[in-house]
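Me: Could you take a close look at one part of this structure for me? I'm new to this, so please explain the terms as you go.
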Amino acid sequence: QVQLVESGGGLVQAGGSLRLSCAASGRTFSSYAMGWFRQAPGKERENVAIINWNGGGTYYADSVKGRFTISRDNAKNTVTLQMNSLKPEDTAVYFCAASSKPMGGGPYNYWGQGTQVTVSS
């Protein structure tokens with residue numbers, strides 16, 4: 001089992017950047033695929049980015065491709081989401097999640113509490 005804690009959310013102007021971090025507990029972090037998801041008010045949760053167990057494979061939603069970068073440090077049990085060129089439509093609660101399927105296909109069984117990202121126009 002793994003526990004996840006996100007940090008790094010906040011308020012930023014359009015065009016700005018934020019870096020989200022997710023700290024994971026547990027000795028088997030490197031065996032999990034990790035993902036970032038987001039949910040805006042009144043909308044369904046959206047998969048933003050995924051990284052496989054060793055960082056060798058990544059996936060991005062079309063809406064963030066070229067602007068967001070997901071990375072992980074298995075020695076530090078952390079996964080990060082660098083968000084650049086932020087847009088107001090990126091405003092949402094962002095969640096870190098872990099899947100015991102190491103290649104990233106899900107399901108994602110473990111979730112953090114979420115961190116708010118607000119982008120002002």
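Reply: Here is a walk around one loop residue, followed by two other loop spots.

First, some ground rules: this is a predicted model, where local features need pLDDT of at least 70 and side-chain atom pairs count only at pLDDT 80 or more, while totals for chains, interfaces and linings use all residues. Residues are numbered from 1 along each chain as its sequence is written, and side-chain values use heavy atoms, leaving out hydrogens and water.

Let's start with N77, which sits in the loop between β7 (68-73) and β8 (78-83). Strands here are DSSP runs of E with at least two residues, numbered from the N terminus. N77 counts as buried because its relative accessibility is 17%; buried means under 20% relative accessible area, exposed over 50%, and partly exposed in between, using a 1.4 Å probe and protein chains only.

So who are its partners? Leaving aside residues up to four places away in sequence, N77 touches C22, A23, A24, S25, G26 and F29. A contact means heavy atoms within 4.5 Å. Take G26: along the chain it is 51 residues from N77, yet their C-alpha atoms are separated by 8.3 Å.

The backbone of N77 is worth a look too: phi is near 55°, a positive value in a residue other than glycine. S85 also has a positive phi without being glycine, near 50°. You'll find S85 in the loop between β8 and β9, and it is partly exposed, at 41% relative accessible area.

One last stop is P107, in the loop between β9 (92-99) and β10 (110-111). The peptide bond leading from G106 to P107 is cis, with omega near 5°.

Methods:
Helix = DSSP H or I, 4+ residues; strand = E, 2+ residues; numbered from the N terminus.
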